[in-house]
Structure formats: structure tokens, C-alpha cells
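Please look through the sequence and the model that follow, with an eye to how helices pack and how charged side chains pair.

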Amino acid sequence: MRTSLRTTALGIAGLTLAGGAIAAPALAADHAPTALAAPVSAAASSGVDTDKLTPHGVQGEQSRITLSGEQTDNVKGIIAATKKAGMDERAAVVAIATALQESKLENLGHLGDRNDHDSQGLFQQRPSSGWGTVEQITDVEYSTTAFLDALKAVDGWQDMPLTQAAQTVQVSAYPDHYAQWETQAAELVAQHWNS
């Protein structure tokens, strides 16, 4: 499974670069990280080790959204799938930041003219690129597990800045945009990891 997802991810990269397709959703912001910020402090009171959440610091300006109940449920689903996959808090931060960038933590169906090809779900995964069926990639546990399996296949992802690890899996036309969600993702993991 890991090899096929890695092959798929690399194949998507080739298709995206060769075809000039825009891999990010229409919801993406348009700015790149520029500076290094202080690590997340909210983790201290939750019992989660801050060093695990943001081991490379936080890059650039940070964005933040107010979450609905459904978005919070999706955060909890991503964390549950991360634990089930035997991965740590950092993997959950990478996954949540990725889903914040790709869908604002909304389990998106087809967006019509605003859709990037057939991208759907929290991670904007594409059925035509081998991520699964529409039903599968709009299932929080399945889509998170697929994302994490692809992340596991990236050699040294644990030692990469968040945006590089996410980009290696997602192959976005906006590779630096994942970084802007690292603080909120880390705070969400600190808040919900032990709940």
C-alpha cells in the first residue's frame, strides 16, 4: 500500500507539473511564509510536548479560522485516525494543517467550476489519481489514513518543515501555503490529542 501511494503521489507530481494543473483548491490563500515565529505555547497546559508539535518552529505569517462543530469533529477524526495508524502528534499537526489549507477542514464534495479536477474531501484527494473512490475520500478516517500512508512513505518526513512534508504528499501548485496553518493545527492537536 505504501509503495502504491508513493508511486501515486509521485505520479501526481509528474502530471501536475507536466500539465500545469493547479493542485490547490479555489479556497487557497495567496501568500507565502516569510519568517520564523515562536513555537506553540498552548501545548504546555495540555500535557502534549510542544517540541513534538512544532519541532522546526513555525514559518511565516499564520492564518486562523473559527471552527464550526463539524470542522472540530473533523479535527477529532483526523487525530483518531492518526492514533489508529500508530503515528504521533507531529503527524496529526501535518495532517490537520494540510486539511486546513486544502478544505478549511470541511469535507468538500465536488465544487463544480471551482473544483480542481475531481479533488474532494478534507485533503482534496482525487479518485482519478488513485486516492480511492469519492465515498472513500470523503470518509474522514479513510482519507486521513491515505494521507498518512503517503506521508509515511516520504523518507525523513519527520525531519522536514511542515510545508515540505505536506507538499511532498499533496504536490500543490502552492507548496508554501501549508505553513500558514501550523500554529492553529498544533493548538488543535494540543487541545484534542488527549480528549
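Is the crossing of α4 and α6 left-handed or right-handed? In this predicted model, the crossing of these two helices is right-handed. The contact is built from A91, V94, A95 and T98 on the α4 side, and from F147, L148 and L151 on the α6 side. Of these contact residues, six are nonpolar and one is polar, while none is charged. As for the geometry, the axes of α4 (residues 89–103) and α6 (residues 140–152) come within 11 Å and cross at roughly 120°, and the two helices are therefore oblique to each other.

Helix α4 also takes part in charged pairs, and the structure holds five salt bridges. One of them joins R90 to E182, with 2.7 Å from N to O; it links R90 in helix α4 with E182 in helix α8, 92 residues apart. R90 counts as buried because its relative accessible area is 4%, and E182, at 2%, is buried as well.

A salt bridge is also formed by E89 with K52, whose closest N and O atoms are 4.0 Å apart, and here helix α4 is linked to helix α2 (residues 50–53) across 37 residues. E89 is buried at 10% relative accessibility, whereas K52 is partly exposed at 39%.

A further salt bridge pairs R64 with E187, the closest N and O atoms lying 2.8 Å apart. R64 belongs to the loop between β2 (58–59) and α3 (69–84) and E187 to helix α8 (residues 182–192), so this pair ties together parts 123 residues apart in sequence. R64 is exposed, with 52% relative accessibility, and E187 is partly exposed, with 24%.

Technical notes. Residues are numbered from 1 along each chain as its sequence is written. This is a predicted model: local features need pLDDT of at least 70, side-chain atom pairs count only at pLDDT 80 or more; totals for chains, interfaces and linings use all residues. Side-chain values use heavy atoms; hydrogens and water are left out. Axes are lines fitted to C-alpha atoms, for helices over the stretch in contact, and angles run from 0 to 180 degrees between N-to-C directions. Helices (H or I, at least four residues) and strands (E, at least two) are DSSP runs, numbered from the N terminus. Angles under 35 degrees count as roughly parallel, over 145 as roughly antiparallel, 65 to 115 as roughly perpendicular and the rest as oblique. A crossing is left-handed if the near helix is turned anticlockwise from the far one by less than a right angle, and right-handed if clockwise. Contact means heavy atoms within 4.5 Å. Ala, Val, Leu, Ile, Met, Phe, Trp, Tyr, Cys and Pro count as nonpolar, Asp, Glu, Lys and Arg as charged, and the others, Gly among them, as polar. A salt bridge is a side-chain nitrogen of Lys or Arg within 4 Å of a carboxyl oxygen of Asp or Glu. Buried means under 20% relative accessible area, exposed over 50%, partly exposed in between (1.4 Å probe, protein chains only).
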